[in-house]
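Good morning, colleagues. Please turn to the sequence and the structure on the screen, which I shall discuss for a few minutes.

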Amino acid sequence: MENMSLENKSSTLLLCPSVGIWQIKGGLFFDRKFHDGVLAYVNKWPGEVKLAIRTEDTPPPAFGLVPFCEANFPAKVTVLDSEETVDSKHLAGVDIVLASGDEYRNLHISKICKQQNIQCIYTIENIFETRIQIVSLSHDSLLKRLKSSVWLLLMERKRRQAFRRANGLQANGVAAYDQYSPLVPNTLLYFDTRSTETSLITDNVLSKRLDYLDKEEPLRLAFSGRLIGIKGADHLIDVAYILKTRQVPFAFDIFGAGDLVHTMQEKIDEYELGGKVIMHGNVDFSLELIPFIKSSVDMCVVCHRQSDPSCTYLETYACGVPIAGYANRAHQGILDRSDVGWSVPLGDVDALADLITRLDHQRDEIKVKSLNAALFSHAHTFENTFGRRIDHCLKTLKGNFS
């Protein structure tokens, strides 16, 4: 960053995210993860950072909201109505735009940028297949699924057109990179994470946890995330039941909330898994979840049915914990590049239980992949990731890619 040209030092960056800002009791609130990301741009970008963000209609998260105070916020913020789009007036004085390509209301931005000779980079994380999977699991009505699928197809065409007009692309996860990088030669692959350099597991904590695997104690399994169908949360209880019938010693801690909570708890009671499977609900990410995973989890079980680049992957590795899960494109894409876990065919609960059963007798394999996960996370911290993304923006601005 020290060798930046003078022209870059006065450049203005506009962020157009997919995440919104919540209006609560007369105040405005950011999601904590997004808030910290904006501050990273402000701290590293050699010029002014602006933000155009829409009001959010979805329920706010249970934890991690940060109040927005215009007087103290280091970026200039324009709050848009939920359906308002970015237009030429928002781009006045802007040199480069970083816009979410997952947000369909941003797909016109590259056209305006091209007309005004402004550099435009899109970010993308979900692929078309994932969007269809979400629709399939979200609607019981065949007609609704059909209408939504047609709409998604039309948006996908617009998305690809928008990307071809853009100057660059930043793809979150291997699935998005593989699908969209052929459209944009100037594409960066990155892995989104909240894990900072100071939050990574220490050698002492990891060593102590790995020593546990030498004892004849139950395997400590865990899951964290939304307890919804697309995340395969219902399969977690089925895996636990199979392990119980095979008399595999285990403890399974499940963190999160969602519309499957009651169904999962009913299954726990029906299968008499009480004491083995514990539902914790939502807990504070930094103060409770991460310390618990670092010290008390041998392996995370992730039954994601779709290929979105969930932060669960990177944040689990940052705890030095490997993942056993379905071979969706996001998970398998990471495993193809680094030996940090295991995969089984999508939706195959029996295969996942078979894998865990085998690993209970081959615990040195868990140790190896735990160490690999910790090493992988060092290369993909919050700081490293944002540094690479900002460097990509600056190179795009300087190189004037077309």
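On the surface of this predicted model, the residues L143, L146, V150 and L154 make a nonpolar patch of about 370 Å². L143 belongs to helix α5. At the start of that helix, a side-chain oxygen of S141 comes to within 3.3 Å of the backbone nitrogen of L143.

Let me stay with helix α5. It runs over residues 142–165, and its 24 residues, at 1.5 Å a residue, should span 34 Å; the end C-alpha atoms are 35 Å apart, which agrees. Which residues of α5 are buried? They are L152, M155, E156, R159, A162 and F163.

I turn now to the aromatic residues. The model has 13 aromatic pairs. In one of them, F68 and F73 meet edge-to-face, with 5.6 Å centre to centre and 85° between the planes. Both of these residues are buried. Another pair, Y122 and F163, is tilted, at 5.3 Å centre to centre and 45° between the planes. This pair links distant parts of the chain, since Y122 is in strand β8 and F163 in helix α5, 41 residues apart. Y122 and F163 are likewise buried. In addition, F30, F34, F68 and F73 form one aromatic cluster.

Next, the charged residues. Side chains of opposite charge can pair when their charged atoms come close. The count here is 19 salt bridges. In one of them, K33 pairs with D192, and the closest N and O atoms are 2.6 Å apart. K33 sits in helix α2 and D192 in the loop between β10 and α7, 159 residues apart. K33 is partly exposed, at a relative accessible area of 25%, whereas D192 is buried, at 16%.

A second example is D214 with K367, again with the closest N and O atoms 2.6 Å apart. D214 lies in the loop between α7 and β11 and K367 in helix α14, so this salt bridge ties together parts that are 153 residues apart in sequence. Why does D214 count as exposed? Because its relative accessibility is 52%, and the cut-off for exposed is over 50%. K367, by contrast, is buried, with a relative accessible area of 17%.

R105 and E103 form a further salt bridge, with the closest N and O atoms 2.8 Å apart, and both residues are buried. Together with E83, they are linked in a network of salt bridges.

Finally, helix α14 also contains L375, which counts as exposed at 61% relative accessibility. Thank you for your attention.

Methods:
Residues are numbered from 1 along each chain as its sequence is written. This is a predicted model: local features need pLDDT of at least 70, side-chain atom pairs count only at pLDDT 80 or more; totals for chains, interfaces and linings use all residues. Side-chain values use heavy atoms; hydrogens and water are left out. Helices (H or I, at least four residues) and strands (E, at least two) are DSSP runs, numbered from the N terminus. The expected span of a helix is 1.5 Å times one less than its number of residues. Buried means under 20% relative accessible area, exposed over 50%, partly exposed in between (1.4 Å probe, protein chains only). A polar contact is a pair of N or O atoms within 3.5 Å; within protein, one must be able to donate a hydrogen and the other to accept it, and residues adjacent in sequence count only if both atoms are side-chain atoms. Patches are made of residues with over 30% relative accessible area and no salt bridge: like charges are joined within 9 Å, nonpolar side chains (Val, Leu, Ile, Met, Phe, Trp, Tyr) within 5 Å. Accessible areas come from the Shrake-Rupley method with a 1.4 Å probe; for residues, only the protein chains shown count as cover. A salt bridge is a side-chain nitrogen of Lys or Arg within 4 Å of a carboxyl oxygen of Asp or Glu. Rings of Phe, Tyr and Trp (its six-membered ring) pair if their centres lie within 6.5 Å; planes under 30 degrees apart count as stacked, over 60 as edge-to-face and the rest as tilted.
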